[in-house]
Amino acid sequence: MTTALLTHPDCLEHVTPSGHPEQVARLTYVLDALKDIDLKQYKAPLAAEDDLLRCHPQGYIDEIRAKEPTVGFQQLDEDTHMSFGSVNAAWRAAGGAVKAVDLVLGDEVKNAFVATRPPGHHALADAPMGFCLFGNVSIAAKHALDFHGLDRVAIVDFDVHHGNGTQALCENDPRILVVTSQQVPLWPGSGEPSDRGQAGNIVNIAFPPQASSDQFRKVYEEQVFPQLEAFNPQLLLISAGFDAHKDDPLAELAFETEDYTWVTERLVDVADKCCQGRVVSVLEGGYNLDALAASAAAHVKVLEERGR
């Protein structure tokens, strides 16, 4: 077995205004950091309409397609922009996550990392949000359930910002356990532990500003891993945001690159117990380019080592 890397040059054609944190260089830095890791590379395909419709209404899909500008930028909200090329990038970001699920559940690879952009965990059913157009991980989870016939899928989101879009898209589906850890308070202003979602399938973990590596590891050991094992997923999806790193400019947590090695090892341990090591990880945030590259490489090295 091996580890798949799914990406596509189209994801570099989603351009944001100068100074925007969700920039093309994020993906180039990540891909450069992964080049010496032994991965089986696949091109992320365009998402099928049926897969997008598992999370987004047709009207919203059509709206995103129609709003792509031919020149310059189309601003969708205060944070989210489109350029010419954003449509193909967004379709491939969702399609890459779906393809990764197919590869892992088809036993072609042991696990997979989807290095695409735009990210997805803030996208709502009918609205873009926080740099995100489609709910890539949520779409992948529902594809695993509805197309592959699984009964239980878990999502772990360790991005520093609350995965509010993932929660909104999955909170009425008890087949999906969503565990999302985030700095609180911080944009988007949600993610309190008392919020368990409509079906009680959401676990929100709140870290205060300046939370340390020790706090991160203690909370995951005491709360996250036991709840994952109790749910006993047949597939583990990861929303891999690396902006809880101490050097990230958009937040105030103090996690280290080594923490991403540790949490990946422990998550793969859970996957080994529950679902034959089947893990699909999808890139979300991370805005200090060097910290992002180092953290993503640490994460993927574990996947590759454990996927052999």
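Let's start at a proline: Pro-185 sits in the loop that runs between strand E7 (176-183) and strand E8 (202-207). The peptide bond leading into this proline, from Val-184 to Pro-185, is cis, and its omega is near 5 degrees. Keep in mind as you look around that this is a predicted model.

There is another cis bond to find. Go back along the chain to the step from Arg-117 to Pro-118, where the peptide bond is cis with omega near 5 degrees. Pro-118 belongs to the loop between strand E5 (111-114) and helix H5 (136-146).

Two residues deserve a look for their backbone angles. In the loop between E8 and helix H7 (213-231) you will come to Gln-210. Its phi is near 75 degrees, a positive value in a residue that is not glycine. Is Gln-210 buried or exposed? Its relative accessibility is 54%, and the cut-off for exposed is over 50%, so Gln-210 counts as exposed. Now follow the chain past H7 into the loop that leads to strand E9 (235-240), where Asn-232 lies. Asn-232 also has a positive phi without being glycine, here near 55 degrees. With 32% relative accessibility, Asn-232 falls between the 20% and 50% limits and therefore counts as partly exposed.

From the loops, let's move to the interior. In soluble globular proteins, nonpolar side chains tend to be buried together. In this model the largest nonpolar core has 51 residues, and Phe-113, Tyr-220 and Leu-228 are those with the most contacts inside it. Helix H8 (residues 257-275) is the element that gives the most to this core, contributing nine residues. A second core, separate from that one, has 45 residues, including Ala-140, Leu-145, Ile-155 and Val-282.

Leu-228 makes a good place to zoom in. Which residues does Leu-228 contact, leaving aside its neighbours within four places in sequence? Earlier in the chain they are Ala-154, Val-156, Leu-177 and Val-179, and later in the chain they are Pro-233, Leu-236, Leu-267, Val-270 and Cys-274.

Finally, turn to the empty space. The largest pocket has a volume of about 200 Å³. Its lining is made up of 17 residues, and those nearest the centre of the pocket are Gly-130, Phe-131, His-161, Trp-187 and Leu-250. What classes of residue make up the lining of this pocket? Seven are nonpolar, five are polar and five are charged.

How values were computed: Residues are numbered from 1 along each chain as its sequence is written. This is a predicted model: local features need pLDDT of at least 70, side-chain atom pairs count only at pLDDT 80 or more; totals for chains, interfaces and linings use all residues. Side-chain values use heavy atoms; hydrogens and water are left out. A nonpolar core is a set of buried Ala, Val, Leu, Ile, Met, Phe, Trp, Tyr and Cys residues joined through side-chain atoms within 4.5 Å. Buried means under 20% relative accessible area, exposed over 50%, partly exposed in between (1.4 Å probe, protein chains only). Helices (H or I, at least four residues) and strands (E, at least two) are DSSP runs, numbered from the N terminus. Contact means heavy atoms within 4.5 Å. On a 1 Å grid over the protein atoms alone, a cavity is a set of points where a 1.4 Å probe fits but cannot get out, and a pocket is an open set with protein on both sides within 12 Å along at least five of seven lines; lining residues have an atom within 4 Å of a point. Grid points are joined across faces, edges and corners, and a volume is the space filled by probe spheres set on the points. Ala, Val, Leu, Ile, Met, Phe, Trp, Tyr, Cys and Pro count as nonpolar, Asp, Glu, Lys and Arg as charged, and the others, Gly among them, as polar.
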